[in-house]
Amino acid sequence: MSVGFIVRPTFAQEDVHSADSSIAQVRRNLALLPREKIYLHTDKHAYQIGDTLWFKAYVVDASNYGPSNTSKLLFLEFYNERSDMVSRQSVEIKQGLGFAQIAIDSAIFSEGTFSLYAYTHWTNNFSTEHAFSKSFYIGKPSQHSWFINSDVRASPQGGREQLDVALQVKDVSHAPIGLRDVHVKLMSRSPNIPVVDEKIKTDREGKLNFSYKLNRRRKLSNFYIELQDISSGSPGYITKLPLMQLERNSEIDLQFLPEGGKLINGLPAVVAFKAVNVDGKAVDLAGEVYNEAKRQVATFTSSHDGMGKFMMVPDIKTKYTVKITKPLGVSQTFELPAIAENGLSMQVDVSDPDTLKVCYNVSAQVLANDGDLSILGTLNGVFYYQQKLDTKKTSVMIDKKLFPTGIARIVMLYNGRPLAERAVFINHHDQLRMKYQLSITGNGLKLTVKDKDGNPVMGQFSVAVTNGRLTKPDTSGSYDLVTHFLLSSELKGKINNPGYYIKGGDKVAGDLDLLMLTQGWTDFEWKDLERPAVRKVEPDTSTRIVDVKYLAFTNVQDLQVVPRYVNLQPGLSVAIPVGEEDRLNLTGNFLQEVNIKQRKKRDYSGHNRNGVGFADVVLDSVDIVRSKAIGLYQLLSMKVPDLKIERRYLKLENRSGYALKIGDRWVTFWANDLSGKFGRNPWLFLGDTPQALKDKLNVFDARGLSLIEVMYSQKYLHAYNPSKIPQQFTHGHTRKTVEAFAKAGVPAPLAQEEESAIIELTYSRYFRPDPNPMAIVFPRKFFVPRFQDSDSVSGYATLFWEPRLITDQYGNASLTLPENVVDAELHLSVQGIDVNGRLASYFGIIRR
């Protein structure tokens, strides 16, 4: 994200210094900590279990979009809907570029929403907001998939909301699935239980309905719908559907963001606002502003995506309240931000295509301190404009050509201290242009890349060709490289449909400026930027980093992606080593199901009282290796159903913390490492925070485990005690024993007389830790079989992937598509950067 500045005006004499000295220190900091930007071009935006995610990584210098020489490794992490990391890999970066693939393995992934994060070691010098992120829906491949249209509405019912859900179910040919018996569940994620459980028959048009009363503050991301075909002769496939398309506007979050940073007493101000509901969706609204005398001083109406603005002259002697008039039924009242007694107000007019007009008003108290008023402009950490201003004037014009395309920060300073700051988007429409030409045979494709003046360019590009019948295209450009680098990577929070602001051009300039006034509104302090910067980590010197510092992404659980249900046949894209594709000689649907009849006997000695392998969940060394999990919690979160973290109070030990729970049973660990380190006592792990508990459990390296047995049903718990789980401590024991465990820094055994779930851990005597904490994924060549005819294409979503397309001096590059695919509906996605750091994104439909 670009550096922005919050207004913290101070006028004491000892703080007065020139703007030049402040800027000089900021320049030194930026030189010490140059920013990187990261983008991943993926072949698709949704996947099936068993598929392969192909990607190319672009790691660039944020100041000029040239290749970054700072990082040599890129870390890739997948998180599930519970914010648990399920996969971590790395890829080598050379001259700012890297490419590889990730197998969507059933041992790691399940159906649902997953978030992919990509970052470098250097990112630790900044924050998680500097990492690349993208969410995917991963589904189960099935020839019996359903397409579902949903309409979910909410209406107030006392202190709750009633959800009315209307669904229409269609098959892959979009014919209604009528008069079918369906088992319908509305599932809560925490705890993972059904709150609606009904058997309903669809009508002749494939429609069905159900209702549920919902707590108003419960987020929809906590729920999903399960539909199961239970008709006679049906295989009983289950389809999952998140609750997404619902407007819940009875309670809203409304933020007021003064242009420039603050409301200043007696100075004209523009106040921007943004409104979202409890699920984070934009709310179209209108309202009125009143002073303490209940006199109306302003009205406002949102103009796009819950955003808008209004003018007012604030008075510090009164308090302002806001009443919402639209949507109806909102009983909340809001207040405007606090008003500063003195300072500077600024308004920036971006409507002229060539010039920025900056209007400013300075309070008399500020001008009483002799000094200089100045203005500067930065973009991507580079200073492009600096000018001293006449305090007797009230506006200044800035030529937009001084800046490259992107988000510029306009800052006004008095005696070197910032008084106001504003983000503006500069758009020269100078992205690279592309076109394609098909050969006479139909499977040859020539790409031509030129700049906006028609000159050919040389550059590095990645190309994906997908089957339009099976994939949902990014026609808005919300996931493309240009949108990410110019917009998404520079603003706080999630932007709804970011491609709209880039692809819409001048027609949406007003909406784009509202985005700058709201999500471009920053909260940084200039004094922090003036302090000498300190590196937390140093640049990579090799691709083998032992002491890796990982970022913790904690806000994943609220992300939901609408699934794209498709009819995926057995033919998936497959990865093979580069140079070995000629040895395969594959034709047709070559991926066949493999049945493992018997595993080889493993070397472990289990202590399960039911007998080795008799448990609700059993993971042997083969399962553990396939999971690619590193820590114990990471592995358990992937494999144990209804595993959660909740706060627990231990009465006897008079302490509390966060502990693991399976369903309604707290988890107790029994461990044996063949050396007697743990003994055979039950162990309870507590953490001060949920993340602390995860970290404590992940200290136990999953790669050293040969067997995990999880028991949470009475069928298996009975063997540990016919009546209750054995207790190491009872109320008759002395507290000194408990304190001795605490003093030794060892988790105390279970001290509650509650029935627990049991997790038996057996460690292998042969485990040797890997000094390199993360394996590097090496790129493989994308390969699909030769299609015999156009009908055989129907089961393949990604038909072509090339991450290393380089244009020549004439701007041309050629590629060869698989045979017999030209009659299909093909979607072409191209992303890349030329040798001068100019950006390119292209989407098109290939037609003969």
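# Briefing on a predicted protein model

One open sheet of this protein has 5 strands in the order β2-β8-β7-β4-β5, and its pairing is mixed. The model is predicted. The protein contains 11 helices and 46 strands. Of its 848 residues, 52% count as buried.

**The five-strand sheet**

- The edges of this sheet are β2 (46-48) and β5 (85-92); each has a single partner strand, so one side of each is left without a neighbour in the sheet.
- From one strand to the next, the twist averages 25°.
- Strands β4 (residues 73-79) and β7 (residues 112-120) run antiparallel and are joined by 6 bridges.
- Tyr79 has Ser115 in β7 as its bridge partner.
- Strands of a sheet pair through backbone hydrogen bonds, and the pairing is either parallel or antiparallel.

**A three-strand sheet**

- Another open sheet has 3 strands in the order β25-β26-β29, with antiparallel pairing.
- Its edge strands, β25 (344-349) and β29 (395-399), each pair on one side only.
- Neighbouring strands of this sheet are turned by 20° against each other on average, direction ignored.
- Between β26 (residues 355-362) and β29 there are 5 bridges, in the antiparallel sense.
- Leu356 has Ile398 in β29 as its bridge partner.

**Buried helices**

- Helix α5 (residues 509-518) has 8 of its 10 residues buried, so it is largely enclosed by the rest of the structure.
- The buried residues of α5 are Asp511, Leu512, Asp513, Leu514, Leu515, Met516, Leu517 and Thr518.
- The cover over these buried residues includes the strands β16 (252-258), β18 (269-277), β21 (307-312), β30 (406-414) and β31 (417-426), as well as helix α4 (499-503).
- Helix α8 (residues 632-639) is mostly covered, with 7 of its 8 residues buried.
- In α8, the buried residues are Leu632, Tyr633, Gln634, Leu635, Leu636, Ser637 and Met638.

**Nonpolar cores**

- The largest nonpolar core is made of 81 residues.
- Leu40, Leu74, Leu487, Phe669 and Ile708 have the most contacts inside this core.
- Strand β3 (residues 52-61) supplies the largest share of the core, 6 residues.
- A second, separate core has 24 residues, among them Val358, Leu389, Leu419 and Val424.

**Salt bridges**

- Side chains of opposite charge can pair when their charged atoms come close.
- The structure holds 20 salt bridges.
- One of them joins the side chains of Lys207 and Glu205, at 3.2 Å from N to O.
- Lys207 counts as partly exposed because its relative accessibility is 37%, and Glu205 is also partly exposed, with a relative accessible area of 43%.
- Lys319 forms a salt bridge with Glu335, and their closest N and O atoms are 2.9 Å apart.
- This pair links distant parts of the chain, 16 residues apart: Lys319 is in the loop between β21 and β22 (321-326), while Glu335 is in strand β23 (residues 333-335).
- Lys319 is partly exposed at 42% relative accessibility, and Glu335 is partly exposed at 46%.
- Asp451 forms a salt bridge with Arg838, with 3.4 Å between the closest N and O atoms.
- Asp451 lies in the loop between β33 (444-450) and β34 (459-467), and Arg838 lies in the loop between β45 (826-834) and β46 (839-846), so the pair ties together parts that are 387 residues apart in sequence.
- Is Asp451 buried or exposed? Asp451 has a relative accessible area of 9%, and buried means under 20%, so Asp451 is buried.
- Its partner Arg838 is partly exposed, with a relative accessible area of 27%.
- Arg35, Lys37 and Glu490 are joined into one network by salt bridges that share partners.

**Contacts and surface of the whole protein**

- How much of the contact pattern is long in sequence terms? Among contacts between residues at least 6 apart in sequence, 71% join residues at least 24 apart.
- The accessible surface of the protein comes to about 38800 Å².
- Carbon and sulfur atoms account for 48% of that surface.

Terms used. Residues numbered from 1 in each chain as written. Predicted model: local features only at pLDDT ≥ 70, side-chain atom pairs only at ≥ 80, totals over all residues. Heavy atoms only, no water. Buried < 20%, exposed > 50% of the residue type's maximum accessible area, 1.4 Å probe, protein only. Helix = DSSP H or I, 4+ residues; strand = E, 2+ residues; numbered from the N terminus. Contact = heavy atoms within 4.5 Å. Salt bridge = Lys/Arg side-chain N within 4 Å of Asp/Glu carboxyl O. Core = buried A, V, L, I, M, F, W, Y, C linked by side-chain atoms within 4.5 Å. Pairing = 2+ DSSP bridges. Axes fitted to C-alpha atoms, helices over the stretch in contact; angles between N-to-C directions. Areas by Shrake-Rupley, 256 points an atom, 1.4 Å probe, with all protein chains shown as cover.
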